[in-house]
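Colleague: Please take me through one part of this model closely, namely how the chains meet one another. Add whatever local details of the backbone and surface you think I should look at alongside.

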Amino acid sequence: MKPVIKLSLALGCLVFLALSGGRDWLVPADVWHGLWSTENFVIHVLRLPRTALAVAAGLALGLAGALMQGLTRNPLATPDVIGLVQGASLGHIMALGLGASVFLGETVGAAFALFAVIALAREQGPIAFVLYGIGVGATASAATTVILLRAPDATITQMMLWLSGSLARADLATAGALFGGVVCAGLIVLWRARELRTLWLGDDVMIGLGVHLPLLRFTVLGLVTLLTAGATLAVGPIGFLAFTAAPLARAVSGAEPPALFPAALMGACLLTAADLAARLIAPLVTLPTGLIMTLIGAPYLIFFLWSEKRKTA
Amino acid sequence: MPAKTNGNVMSRASFAFNLVLLCLGLCFCTALSLRFGAAPVTLEALLNDTLGLLESRMFRTVCAICVGAALAISGLMLQALTGNPLADPGITGINAGAALAAIVLAYFAPFSSGMAILLAASLGAGFAGYLLWHLAGADPVSGAGGIALRLPLAGLAIETLCLALATALILTDAEMQARYLRWISGAIPVVARTEIAPLAVISVLLVAGYFTCERLELLSLGAEQSASLGRNPNRTIALVLACVTMLSGASVAIAGPLAFLGLLVPFVARGLAAGSLRRAYLFALPLGASALVLADTIGRVIARPGEVHAGIIASLLGGPALIMVLRRVLRPARWHAA
Amino acid sequence: MKQPLFDIQDLTVSLGAQRIYSQFSARLPDVGITGIIGPNGCGKSTLLRCLGGLATPENGSVRLRGVNIGQLSPIARARQIAFLPQEPPVLADMTVEGVVAKGRTPWRKAFLPSSRADRDAVNQALETTQLIELRLRRLTALSGGQRQRAWIAMALAQQTEVILLDEPTSYLDLPHQIRLMQLLRHLVDQQGQARRVVVVLHDLTIAARFCDTLVGLSDGKLVCAGPPSEVLTPKTVMQLYGLRAQVHPDPVFARPVVYPEE
């Protein structure tokens, strides 16, 4: 339980920082009072929704990443790298066009991308899996662009902001809904914790330990799809968060794989920090949070490849 | 393509026929690009050129031809050098490195000359290539069937990082946004600003590059083989890398970081050329040029009165192209494993 | 004859397009260590996977003391049979204790933290495998022999009657091979526990020295089964490996040793 407590404390501190930081810094007392008086504009309208959404989406993506990495035993196979996020975006745009439920569209899109990658990359090794995923993701985002081109101008402006992964339009209702979803996912994880703890051990060992593998796969992939869809719906396609959260959580807190809850907490920490950074670096222009996340995540991917190479050398 | 089915080297006649066909295709695409644009104009008005439209379209088309050919050739040379059909200046992050360097230069020295931008971009391309080599180079075992799959993966990491940094730099400054937001998504320029020098450099390099083909073909037999046949392999690598970085730098200086064109065009060109690198080179020139001219024209037409950047149109093909090349590359490996 | 440990009847198994077993029947006697021997590709691992319920046979049944394994739920099966593959994955960041604790999976309850019984089982497994001092070490920091012991400790923590091991000695040097086999012997001979080990082995000398029963397989067929001194003969070696050999008891333990003549 220790890593979870450590990371929860870190998240608490970051949330507090995120509430007090911005164009104008607030002293802790002001933050505290602002939280309890709904009239406080800076806290209640500007910062609280953003921060709450960052925490909820970070939890969802961190958990989804850790689940996916554990199931595939591939540190690179996370929803953002293998095209699930892009698939969800495509589903989002299509659902908007068809007038269907956006969440349904996102779920279908993410599931479709997932199955496409699995079908394409059968038994061709972990890196091929990821490259196919990247191809599927690129295809999905290109298709998103095409559909977007035909949309009315107002939609385009709105969607471009969303597609860059921005928290600027956050509202408490979305954050609350996403939070509810994350809590449900957390309960499912606790319920199946027995089996989920054996992720990363490989099919043979898992079956030997009495895990019903098809059921577990279905559970994990379902959870990943829904969590990715929910998070993407709320904050747009944010890359590299799911990818970095789990390994970073393990490195920082010393948790053992699969480290599902630490990864979720680390995801929330990362997204909150990235959002705060986006607000601090450029207070006047809206620097998308997704961009900051890429600036954190892409160097980590480079570092990961570098250390992998050193290991094999 | 009878040359492919019976496995023989293509005859001289059918090679010439194919080349002429591709050149005719390029002429057709050029004509399309001159005729159609974001503004629907009658042919008569266009020829009288009261609006100055024809001139701007001509400049634009020339840019697209040069950049398209440059991207195709740098992709082809990279692939021949690394023996990896997945190497493309976009996917490997070389173009993105060039773009980042160009943006950094523009940030600190806003009105640099075309040559300065080109040199900075080439430097950035070289640096990205160096980083890539350290991340994925000399690693023949990890991929299936001798193809190092790490290369595109490491390249994508570099590409994402460089583009994110460049975008962040652009977004933090209002003037930079006005000047470069269009450029970073891969757009062919409309009016000449600083593009003349890079265009000249591309033309020279495209001709010069042809003469490295023989060296590259020798190198593909192995470094020792190449040395024993009288060609210093290190010099070949240096020449080709210089060529690739300069081409990439020049094309980025003109039209921003375009991805995937250098993956798809060489793939098709090598398929047509059936084994000969020099023929693939000659095929890739008109193919790359036509592809980008066509992408640019389509981008101007489909969202009238607005305009979709050629880079976005090109990347529409990117994802499917990556999947297709991967399938091609990995399929024989699967047979070997079974 | 006593009831056999495993009773295999009319087993038909394919891997991909390749048929490994066709109408295979065998009985593994209820003794301490059963060794499965045979040339490469003869289906040793596949048989072990069928015994552990990892491979689903197209036809036929595998019974553990009369209970059809195929009809058990995964958890019920995992409470009776532990299985270790030939090369369990090496995981970064995982400690010895963490790995061993995973062995409690079939006994854990949803929503509840690990129970007293879980912790006791883990401690006991660590003690038996002499890993107590290394319990907080990372798996990647262990030697090959220690790592193999950690995996065996995981199987022990599973508290099953039967443990199936697929070539546990293949990446170990001679002293570690001997220690590992002694550990298995110790597990089987421990007082008050009717534990059974079925192990796939390559090395005939080691198999003959430590196993109570040897089962010889060749090309999906049962060649021989019985105590090592009865089973290892020039004739069976010829049948198994196509190798002319003499078999003599060794002077120290009087166990049969194969001396190839070719």
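Modeller: What follows goes through the contacts between the chains, then the surface, then a few backbone details.

Bear in mind throughout that this is a predicted model. There are 2 pairs of chains that touch, and the pair with the most contacts is A and B. Chain B and chain C do not touch, and their nearest C-alpha atoms are 10 Å apart.

I will take the contact of chain C with chain A to begin with. Chain C puts 32 residues into this contact and chain A puts in 24 residues. About 2,300 Å² is buried between the two chains, and carbon and sulfur atoms account for 60% of that area. On the side of chain C, the residues that lose the most area to chain A are C:K102, C:T105 and C:F111, which together make up 25% of what that side buries.

The polar part of this interface can be listed briefly. Between chain C and chain A the count is 1 salt bridge. A:D204 pairs with C:R49 in a salt bridge, with the closest N and O atoms 2.8 Å apart. In addition, 9 residue pairs are found in polar contact across the interface of chain C and chain A, counting pairs in which both residues have pLDDT 80 or more. As for secondary structure, the side of chain C that touches chain A draws at least two residues from each of helix 2 (74-78), strand 6 (81-84), helix 3 (96-102) and helix 5 (144-157) of chain C.

The contact of chain B with chain A is described by the same kinds of values. It takes 36 residues from chain B and 34 residues from chain A. The area buried between them is about 3,000 Å², with 82% of it from carbon and sulfur atoms. The count between chain B and chain A is 0 salt bridges. For polar contacts, the count between these chains is 2 residue pairs, again with both residues at pLDDT 80 or more. Helix 6 (114-136), helix 7 (150-171) and helix 15 (310-337) of chain B are the elements that give two or more residues to the side touching chain A. Helix 7 of chain B gives the most to that side, with 14 residues.

Chain B itself has 15 helices and 0 strands. It has 338 residues, of which 54% count as buried. Among contacts in chain B with a separation of 6 or more, 75% are between residues 24 or more positions apart. The chain exposes about 14,400 Å², and carbon and sulfur atoms supply 69% of this area.

Next, the surface. A nonpolar patch of about 630 Å² is made by A:F179, A:V183, A:L187, A:I188, A:L190, A:W191 and C:F111. C:F111 is also one of the residues of chain C that lose the most area to chain A. A:W191 belongs to helix 8 (residues 172-191) of chain A. A:W191 has a relative accessible area of 44%, so it is classed as partly exposed.

C:A141 sits in the loop between helix 4 (116-128) and helix 5 of chain C. Because its relative accessibility is 47%, C:A141 counts as partly exposed. C:A141 is 49 residues from C:A92 in sequence, while their C-alpha atoms are 9.3 Å apart in space.

Finally, the backbone. Most residues other than glycine have a negative phi, and most peptide bonds are trans. C:Q130 has a positive phi, near 55°, and is not a glycine. C:Q130 lies in the loop between helix 4 and helix 5 of chain C. With a relative accessibility of 59%, C:Q130 counts as exposed. C:D219 also has a positive phi, about 55°, although it is not a glycine. Its place is the loop between strand 9 (213-218) and strand 10 (221-226) of chain C. C:D219 is exposed, at 62% relative accessibility.

In chain A, the peptide bond that joins A:P257 and A:P258 is cis, with omega about 5°. A:P258 is found in the loop between helix 12 (241-253) and helix 13 (260-281) of chain A.

Methods: Residues are numbered from 1 along each chain as its sequence is written. Chains are lettered from A and ligands numbered from 1 in the order in which they are written. This is a predicted model: local features need pLDDT of at least 70, side-chain atom pairs count only at pLDDT 80 or more; totals for chains, interfaces and linings use all residues. Side-chain values use heavy atoms; hydrogens and water are left out. Patches are made of residues with over 30% relative accessible area and no salt bridge: like charges are joined within 9 Å, nonpolar side chains (Val, Leu, Ile, Met, Phe, Trp, Tyr) within 5 Å. Accessible areas come from the Shrake-Rupley method with a 1.4 Å probe; for residues, only the protein chains shown count as cover. A salt bridge is a side-chain nitrogen of Lys or Arg within 4 Å of a carboxyl oxygen of Asp or Glu. Helices (H or I, at least four residues) and strands (E, at least two) are DSSP runs, numbered from the N terminus. Buried means under 20% relative accessible area, exposed over 50%, partly exposed in between (1.4 Å probe, protein chains only). Contact means heavy atoms within 4.5 Å. Buried area is the accessible area (1.4 Å probe) that two parts lose on being put together, summed over both. A polar contact is a pair of N or O atoms within 3.5 Å; within protein, one must be able to donate a hydrogen and the other to accept it, and residues adjacent in sequence count only if both atoms are side-chain atoms.
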